[in-house]
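This report describes a two-chain complex for a reader working at the bench. The sequence and the structure are shown first.

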Amino acid sequence: MLGSWFLVVRELITNRSQQIIIFAAYALFVVYMYEIYLDGPNQRTETYIATRQLKRNHMIRIDDFGLPKAGVASWGWFLPNPDSLEGLYVAKKDIEVGNGIDLSSLQKLPGPLNDPNRRLASIPLEKQPELVGFLDSDVQVEVVHESTVLAANARVHAILCTKKDAASCYVLLDLSKEDEMTITQKRILDSKKLYVRLATTAQH
Amino acid sequence: MNQALTALNALIPSSILVPAFFPMLGFFVINGMMLYWLNAPFRAFAVQIIDLQATGKTAFLAGISIIAIAMLAKAFSALLRVIQNILEGNWPQFLVAFFSPDQVRRLERLEQLIHENDRIRVNLDTLIGDTPAKPDWSRRLTDARNLGVKNHSGINSFTNISHGANEVSKIERLRRKNERIDFDKLNTAIVALTKDLEANDITTPNQAGQYALQVFENKLARLVGYAVQQANSEDIRLNNLLRASFGTRTAPTLMGNVSNTIQSYADGRYSFNFEFFWSRLLAVIPKESEFAKTLENAKTQLEFLLCCCCLTFLWSLIWIGVSIWTEAGRTRFLLVSVCGPVLAYVWYRVAVAHYQNLADLMRTAIDLHRFKLLEDLHISLPIDVQEENGLWDKLHRTHSFYESQMINYSHKKSA
């Protein structure tokens, strides 16, 4: 058996089948790399890293994530387009600082309320576009009509934007049933005077 | 588009525009596409450039890129001669010794084919040779036909499945498949049909009312003519292939062997030292002549193909390295490690085929312009082939080795 292999090898070398030898050596290199060295997913993908804590239903903005600190991904290899993450919402659970943000942990729309006794109401931020940067999921706000506080204990559920422009955004509030009814009535009658303010600001 | 090409022509000399600039541009584009695919910051940068509304900025970036690519193309075109030398197999001796046998084996195979074809031609010559001792095939059939008509008048049992018909059909099948028809096969058919002709009356139809014997005799006549023509044209084809593919000395690469054909032709035909006299010969070919343009185009085309071959190989090397370094995944590695070398090899083979055309043009240049070179060197034109061979040899010795040779000058009288 060994003798016949020796004969084959000798035949290859002495018969000067150099093209076969070079082709075989290269094929061996490719097979080794394919089967052993690159033993993993067929196409490597990397994730961006969260630069701050991202709560559930937080709408991802471009400054919420950055390049990883080490590895080839720190050079930007195999990362998706930042645009593909922008505008998506954190699904199910919060993402801690330094953790990867992949598409499986995000969703296109905010998740539903967990408490069946609570209601959602949306207030346009057309006249308060600067608030988009401050409002985030779970932030406590007050809903005010002219100078009357309609709901003092509202929480931001999520921010919804139809365009990239902040003026096109809405704040989706998590309210009690009563507050939601009050706000809905006011909105029907006179929506232009309805606005939100941060609860902490109100205290000051 | 025309304006862009005119501007490019003004910026970059035409001698590097096609052979080096366009391949380099393609190289940058394909590498840019790879980066766009795999690298997010580059992708963002590219999108930003493409989305730029300010035409001034876009034009500035495009201008800078073109200048950078042109500079690289210029530098790369300076390397072309070195690259061509490498592809022609001008390597260290141990590499030459390792790779040459492959080419020698190719040469031997070609020589073997020529030898086999010669044997077929010689045998066919004996078949069609008309001597009293060995009558030619046509006379053998005629004699058999006459014998059959005389001895078996009114009897014809020959059909399409008779022995002679089968043998002729075998030859027909060889012709259909474009296979060689050699003497033995042809002779077998002639012998078989001769027997059938002797045993039947060709002027009488067979039981089916057909003149099958006449049909097959005509077929055989055509096939013999075809076999002789085929052997002759094959001889020309194989010898042309041999002369276009191999010189006297065997190089370790296909391209090297094509290159050697020029020197071998010049040396064998005229004792003309091609390497030495080529630049001088180029100087005497009229620049505006169609031939000079054709030669220049062929050279440009070859350089373009060489550039494409090298840059594809370089692309492949770069991305194989990147795939391994970044552990890019199996699919990406397989893509660059298989497609790159295969594509580079295809470019190389196309370049070799093109080099054969260029080599032919160079041989033509020697044939057509060598006397003009002698005139421009103020040397008397030779009277015959022998004198010419001696003259080029003397010139070579004088110019290359500074030997003193007896060469007559011839000065034109001024008007």
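The sections below treat confidence, the fold of chain A, the chain interface, and selected features of chain B.

## Confidence

The model is predicted. For the complex, the predictor gives an ipTM of 0.75 and a pTM of 0.81. Chain A has a mean pLDDT of 84, and 89% of its residues reach 70 or more. For chain B the mean pLDDT is 89, with 94% of its residues at 70 or more. Within chain A, confidence is highest in β1(A), at a mean of 94, and lowest in helix α4 (residues 199-203), at a mean of 55. Where pLDDT is low, the predicted coordinates should not be read in detail.

## Chain A: composition and order of elements

Chain A contains four helices and 10 strands. Along the sequence, the elements of chain A follow the pattern α-α-β-β-β-β-β-β-β-β-β-α-β-α. The chain has 204 residues, of which 22% are buried. If contacts in chain A are restricted to residues at least 6 apart in sequence, 62% of them join residues at least 24 apart.

## Chain A: the two open sheets

Strands of a sheet pair through backbone hydrogen bonds, either parallel or antiparallel. Two sheets of chain A are described here.

One is an open sheet of five strands, arranged in the order β6-β9-β8-β7-β10 (chain A) with antiparallel pairing. Its edge strands are β6 and β10 (194-198) of chain A, each of which pairs on one side only. On average, neighbouring strands of this sheet are turned by 45 degrees against each other, direction ignored.

Strand β9 (residues 169-176) of chain A is joined to strand β6 (residues 118-124) of chain A by seven bridges, and the two run antiparallel. Strand β8 (residues 148-161) of chain A is also antiparallel to β9(A), and six bridges join these two strands.

The other is an open sheet of three strands in the order β2-β1-β4 (chain A), again with antiparallel pairing. Here the edge strands are β2 (65-66) and β4 (100-101) of chain A, and each pairs on one side only. Strand β1 (residues 48-50) of chain A runs antiparallel to β2(A), to which two bridges join it.

Individual residue pairs from both sheets are listed below.

| Residue | Partner residue | Strand of the partner |
|---|---|---|
| R119(A) | L175(A) | β9(A) |
| L120(A) | D174(A) | β9(A) |
| L160(A) | Y170(A) | β9(A) |
| A50(A) | F65(A) | β2(A) |

## The interface between the chains

Across the interface, 23 residues of chain B are in contact with 20 residues of chain A. On the side of chain B that touches chain A, the elements giving two or more residues are α3 (40-51), α5 (93-128), α12 (290-326) and α13 (330-376) of chain B. Helix α13(B) supplies the largest share of that side, six residues. By class, the residues of the side of chain B that touches chain A comprise 12 nonpolar, five polar and six charged.

## Chain B: packing of two helices

Helix α6 (residues 137-151) and helix α8 (residues 183-199) of chain B have axes that come within 6 Å and cross at roughly 25 degrees. Because angles under 35 degrees count as roughly parallel, α6(B) and α8(B) are roughly parallel to each other.

From α6(B), the contact is made by W137(B), R140(B), L141(B), A144(B), R145(B), L147(B) and G148(B). The residues on the α8(B) side are I190(B), L193(B), T194(B), L197(B), E198(B) and A199(B). This contact of α6(B) with α8(B) has eight nonpolar, two polar and three charged residues.

## Chain B: the position of S15(B)

Residue S15(B) lies in helix α2 (residues 14-38) of chain B. Is S15(B) buried, exposed or partly exposed? There are 14 other C-beta atoms within 10 Å, so S15(B) is partly exposed: a residue is buried at 20 or more such atoms and exposed at 12 or fewer. Relative to Y348(B), S15(B) is 333 residues away in sequence and 21 Å away in space, C-alpha to C-alpha.

Definitions and conventions: Residues numbered from 1 in each chain as written. Chains lettered and ligands numbered in written order. Predicted model: local features only at pLDDT ≥ 70, side-chain atom pairs only at ≥ 80, totals over all residues. Pairing = 2+ DSSP bridges. Contact = placed C-beta atoms within 7 Å. Nonpolar A, V, L, I, M, F, W, Y, C, P; charged D, E, K, R; others polar. Axes fitted to C-alpha atoms, helices over the stretch in contact; angles between N-to-C directions. Parallel < 35°, antiparallel > 145°, perpendicular 65-115°, else oblique. pLDDT = per-residue confidence, 0-100.
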